[in-house]
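Work through the exercises below with the sequence and the coordinates open. Try each task before reading its solution.

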Amino acid sequence: MSASAEARPAGAVETAAAVRSGARRARDVVAAALARIATYEGEIHCFNTVTGDAALVAANRIDAAVAAGHDPGPLAGVPIALKDNLCTRGVPTTAGSRILEGWLPPYDATVVGAVEAAGAVVVGKTNLDEFAMGSSTENSAFGPTHNPWDLNRVPGGSSGGSAAAVAAGFVPLALGSDTGGSVRQPASLCGVVGVKPTYGLVSRYGLIAFASSLDQVGPFAASVADAAALLDVVAGHDPADSTSLDVAPEPVASHLDDGVAGLRVGVISDFLVDASPSCVAAVREAAEVLAAAGAVVEEVAIPALMLGLSAYYLVAPAEASSNLARYDGVRYGLRVDGADVSRMNGRSRSAGFGPEVKRRIMLGTYVLSAGYYDAYYGQAQRVRTLVAHGFADAYERFDVLIGPTSPTVAFEIGAKTQDPLAMYLSDLYTIPTNLAGHPAMSVPFSLSAGLPVGVQVLAPALGEGPMFRAAAVIEHGADPGARGPIEPRSAGAAR
Amino acid sequence: MPELTASFSRDDVVYVAQLARLDLERGEVDLYAAQLASILDHVAAVTSLDTTDVPATAHPLELANVLRPDTPGPTLDRAEVLAQAPLVEGGRFRVPPILGEAP
Amino acid sequence: MTVDASGGARWEIVVGLEVHCELSTATKLFCSCPNAFGAEPNTNVCPVCLGLPGSLPVLNARAVEYAVRIGTALGSRVVPSVFHRKNYFYPDMPKDYQISQYDEPINVGGRVELADGSLIGIVRAHLEEDTGKTTHVGGGGRIHDADYSLVDYNRAGVPLVEIVSAPDIRSAEQARSYVNELRAILVATGASDGRMEEGSLRIDANVSVRPAGAGEYGTRCEVKNLNSLRSLGRAIDYEAARQIGIIEAGGAVVQETRHWNEDEGRTSPLRSKEEAFDYRYFTEPDLVPLAPPAEEVAAVAAGLGPMPAARRRRLGDLVAADGLPAPADQLATVVGLGLDDLVLAAVDDGADPRLALTRAANEAANRPSEARALDPVAFAELVKLEAAGRLSATQSKTVLAAMLEDGGEPQQIAARLGFEALGEAELGASIDAVLAAHPDEWARYRAGDAKVAQFLLGAVMRATRGRANGKAVAAALETRRT
């Protein structure tokens with residue numbers, strides 16, 4: 001087995017079919033993934049934990065099931081990586097933070113159970129911005145993840161590790177979480193597909209909470225079809241999550257190739273104003289691809305969406321400040337002792353949380369404070385309604401919307417860490433979707449100076465069907481060189 | 001209770017840090033104050049918007065009455081839970097002295 | 001009730017009570033861990049009630065039903081409600097926030113009618129989760145001098161309904177009466193076992209004073225750590241006196257939370273080193289709103305039996321049918337102990353209501369559990385025997401005690417104890433003997449002195465060793481006079 005160029009994996013759907021038919025052994029698939037990880041992980045740092053032994057055991061079980069004639073599941077033998085804010089029983093789950101370093105959850109997140117029941121094989125926990133707060137994965141307490149397209153650049157965030165793992169060909173599938181764009185933006189920067197489902201479509205039970213009314217678990221894959229397959233496995237009602245929609249969702253994968261004839265597509269003009277030229281160009285080209293396939297494409301202005309960023313940076317930190325209070329050194333996680341319990345809390349949290357988390361906790365505490373609640377948090381929740389109304393008006397005239405995912409391509413590590421606000425602007429086009437609870441996804445489309453540019457497709461709540469159909473068409477018209485998996489590249493190699 | 005200012009002063013940082021149980025070094029307080037003031041300025045644009053008659057969205061969903069039956073379910077194995085605890089004694093979580101009663 | 005303070009000024013005590021009531025559900029409010037007392041520490045826990053990262057709450061349907069029962073029993077309006085997070089740090093709080101209800105609680109308004117007929121308003125009754133339990137080690141087990149503390153989360157997440165009264169209570173005694181009545185109501189709904197000693201009922205008191213007749217309220221203090229009705233009463237009296245003392249000395253009462261020290265018999269300010277708590281309430285994003293459908297609320301209301309006040313009234317009306325009022329204390333005792341069904345069933349079987357009530361309140365009440373298990377027909381039989389004069393009052397009480405101890409039929413027990421009614425001849429002979437022994441008293445009685453009748457009656461009772469029936473003796477005396 002050559003150490004320098006471990007074969008890039010086949011897609012998930014293809015792999016599962018091969019394993020189910022017995023044409024390939026799950027054990028070989030997983031071993032190949034682990035070998036590739038062993039080769040390149042040092043340069044990229046996708047993973048906080050690689051669960052190699054357990055993965056091989058799981059793979060053997062899949063093979064045994066196939067041999068015995070049992071159904072091993074729709075994702076049989078497919079290696080999958082899980083963002084390290086998804087609880088995995090007995091496997092370290094850090095949320096990218098020192099405060100949970102070494103913590104072993106005593107339970108699995110619902111989506112973890114779902115992917116394992118579907119036969120997928122978990123190979124590791126991926127790196128993230130601490131507690132999912134960030135847009136570059138540079139806020140991880142365990143060091144940044146590097147973008148496989150240019151190792152000097154960020155993979156985006158907060159699910160940078162998952163995006164990079166798919167982009168580098170470590171795994172065909174990964175799960176991340178998206179609160180303000182944390183699946184879609186790294187997907188765009190890494191040239192992979194990333195989906196934020198309708199709020200409530202995928203269970204949050206076992207997802208370490210950042211902002212409860214915005215968080216959703218979302219799939220990463222190298223293709224739209226693979227992303228659909230993974231979404232279909234994790235979507236569905238969960239009685240353990242009170243905010244879970246009580247629907248039996250129509251599988252997205254079955255209608256992927258129905259095309260877009262007659263589909264009404266709106267190009268969000270507000271998003272084209274400040275995005276970089278290559279990002280704007282990608283959207284315009286994607287619009288043409290859709291039109292050529294029979295969609296009816298028009299520009300639409302939704303000015304309310306531009307209020308989203310401000311509302312988000314009031315609502316999300318507020319919810320986070322409360323969600324992160326439990327990390328107090330009492331029951332689990334880092335404890336730094338103190339003369340009394342309050343001092344112990346203060347020391348533990350100071351030692352355990354990084355600066356971005358502290359900033360957001362303080363900001364959130366402030367906006368919820370007596371006297372400030374209505375002007376800030378209350379107001380932000382009303383602005384949220386304005387954003388939802390803006391979308392609702394647009395969706396009377398359009399079935400889906402498109403726009404850039406990110407204002408820029410991947411930036412250099414360290415380029416934005418000095419200015420929190422500059423970093424926040426990365427999420428300008430993704431945030432409104434979370435505020436409204438709608439689905440959206442990023443599809444790799446083109447390259448700009450060798451770096452991937454994704455196009456975002458947005459849909460109304462439970463509009464995954466038309467959203468994926470549009471994404472599939474865009475994918476067909478995209479530059480095949482603009483998507484992963486790829487061999488990791490050092491700086492400048494891509495050009 | 002100290003009056004919070006509308007622009008994230010040093011005192012505001014000290015107040016919220018205490019509420020949120022974050023020990024800050026002296027130098028950090030000024031740094032965070034500057035950063036938070038700048039962020040607040042940027043996002044405070046929303047505070048001047050006219051949102052009369054606009055209802056708040058506490059939730060993107062329209063769900064109500066999500067309930068579960070009153071049937072006992074599995075509990076965690078205590079050993080597994082306590083194994084993750086920083087300090088235990090007699091099956092309980094041990095903490096330093098608590099000053100002040102619960103509210 | 002006003003208190004005479006030094007100098008002759010008259011004061012009014014104003015008290016509002018917050019009562020936290022644990023619900024008798026099988027599982028906790030937001031998870032399916034057992035809601036059970038006395039288990040080994042930290043064995044009834046799960047990711048949700050431990051507040052582990054990633055956990056989420058799901059509301060217990062029966063807890064909602066019980067909350068609706070309580071609201072209905074209190075005469076509240078059951079309304080759509082939401083949950084809020086109350087944020088503060090404390091080691092017994094697994095999430096360092098409590099899921100509670102803030103400004104949109106499930107039950108709004110209501111009132112409690114006390115045994116004496118007075119009404120105490122209810123402001124609201126809402127659902128919230130309980131905290132874990134801390135034990136303090138070192139320093140005598142009290143929080144202030146402890147070396148460290150230990151936390152058990154078995155109780156964390158247990159469902160509570162917090163009932164907030166209006167500041168309508170005017171004395172320590174009325175406060176106790178309110179708690180007793182509230183407890184009886186809670187037990188009657190089946191939603192709680194109402195045991196203060198076990199912690200299923202916890203009380204905080206808001207106490208203030210004002211000059212009698214004043215319109216405005218004085219500054220109030222919250223008093224915590226009231227573990228019994230006795231503590232409640234003592235604490236209110238102490239706190240009211242303390243506040244009056246301050247005001248009369250020219251000072252002003254400081255609004256603060258105070259801790260009742262049962263051993264020392266006083267309240268002291270809580271040593272909370274931190275800021276006044278800024279709870280930063282916001283709508284709980286992990287839960288959705290609650291709106292019990294009207295039909296369900298109506299069904300709950302219809303399924304509730306009568307509350308204690310109604311039961312007192314029902315029994316009282318029955319007894320008062322003879323034209324005289326029913327003794328309020330007897331009604332309160334019988335209903336309070338759940339013996340009214342016994343009395344009603346006995347009356348149904350032909351027993352005299354007033355006598356049945358009296359025997360239930362004065363005798364059966366001494367052994368309430370056994371009394372509740374009494375066969376109503378047997379009890380009725382006993383009352384009938386006494387009413388017919390076949391048993392004296394004394395004999396009847398003795399038979400009843402035997403029935404409570406070992407069960408059995410009153411006739412058989414009476415026979416076994418040799419309680420036969422005095423035959424007329426024997427009674428006549430005893431009366432003759434007594435009258436002969438007390439000629440002066442007999443003369444006074446013949447002359448119309450009613451008071452001496454009691455003396456003569458007592459003498460006959462002694463002579464017959466209680467076997468005579470009082471009414472029969474009085475009748476016989478009257479007959480001889482004329």
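## Exercise 1: the shape of chain B

Task: compare the radius of gyration of chain B with that of a compact globule of 103 residues.

Solution. Chain B has a radius of gyration of 22 Å, whereas a compact globule of 103 residues would have one near 13 Å. The radius is taken over C-alpha atoms, and the globule rule is 2.2 Å times the number of residues to the power 0.38. This is a predicted model: local features need pLDDT of at least 70, side-chain atom pairs count only at pLDDT 80 or more, and totals for chains, interfaces and linings use all residues. Residues are numbered from 1 along each chain as its sequence is written, while chains are lettered from A and ligands numbered from 1 in the order in which they are written.

Next, take the box. Along the principal axes, the C-alpha atoms of chain B fill roughly 50 × 45 × 25 Å. Then the burial: 29% of the 103 residues in chain B are buried. A residue is buried if 20 or more other C-beta atoms lie within 10 Å of its own, exposed if 12 or fewer, and partly exposed in between, with C-beta atoms placed from the backbone.

Last, the elements. Chain B has three helices and three strands, in the order α-α-β-α-β-β along the sequence. Helices (H or I, at least four residues) and strands (E, at least two) are DSSP runs, numbered from the N terminus.

## Exercise 2: the contact of chains A and B

Task: find which element gives the largest share of the side of chain A that touches chain B.

Solution. Start with the totals: 61 residues of chain A and 47 residues of chain B take part. Contact means that the C-beta atoms of two residues, placed from the backbone, lie within 7 Å. On the side of chain A, helices H9 (308–323), H10 (341–352), H11 (355–368), H12 (374–397) and H13 (420–424) each give two or more residues. H12(A) gives the largest share, 12 residues.

## Exercise 3: unusual backbone

Task: locate A:Thr137 and decide whether it is buried or exposed.

Solution. A:Thr137 has a positive phi, near 65 degrees, and is not a glycine. Most residues other than glycine have a negative phi, and most peptide bonds are trans. A:Thr137 sits in the loop between E3 and H5 of chain A. It has 34 other C-beta atoms within 10 Å, so A:Thr137 is buried.

The loop between E3 (121–126) and H5 (160–167) of chain A also holds A:Ser158. The peptide bond from A:Gly157 to A:Ser158 is cis, with omega near 15 degrees. Another cis bond runs from A:Gly484 to A:Pro485, with omega near 0 degrees. A:Pro485 falls in the segment after helix H15 (464–476) of chain A.

## Exercise 4: one face of a helix

Task: which residues of helix H7 (residues 340–348) of chain C are buried, and how are they arranged?

Solution. The buried ones are C:Asp340, C:Leu342, C:Val343, C:Ala346 and C:Val347. Seen down the axis of H7(C), they fall within an arc of 160 degrees, so they line one face of the helix. The arc is that of the directions from the helix axis to the C-beta atoms. An α-helix has 3.6 residues a turn, so residues three or four places apart point the same way. The cover over the buried residues of H7(C) includes H5 (308–319), H6 (328–336) and H8 (353–362) of chain C. After H7(C) comes C:Gly350, with a positive phi near 105 degrees.
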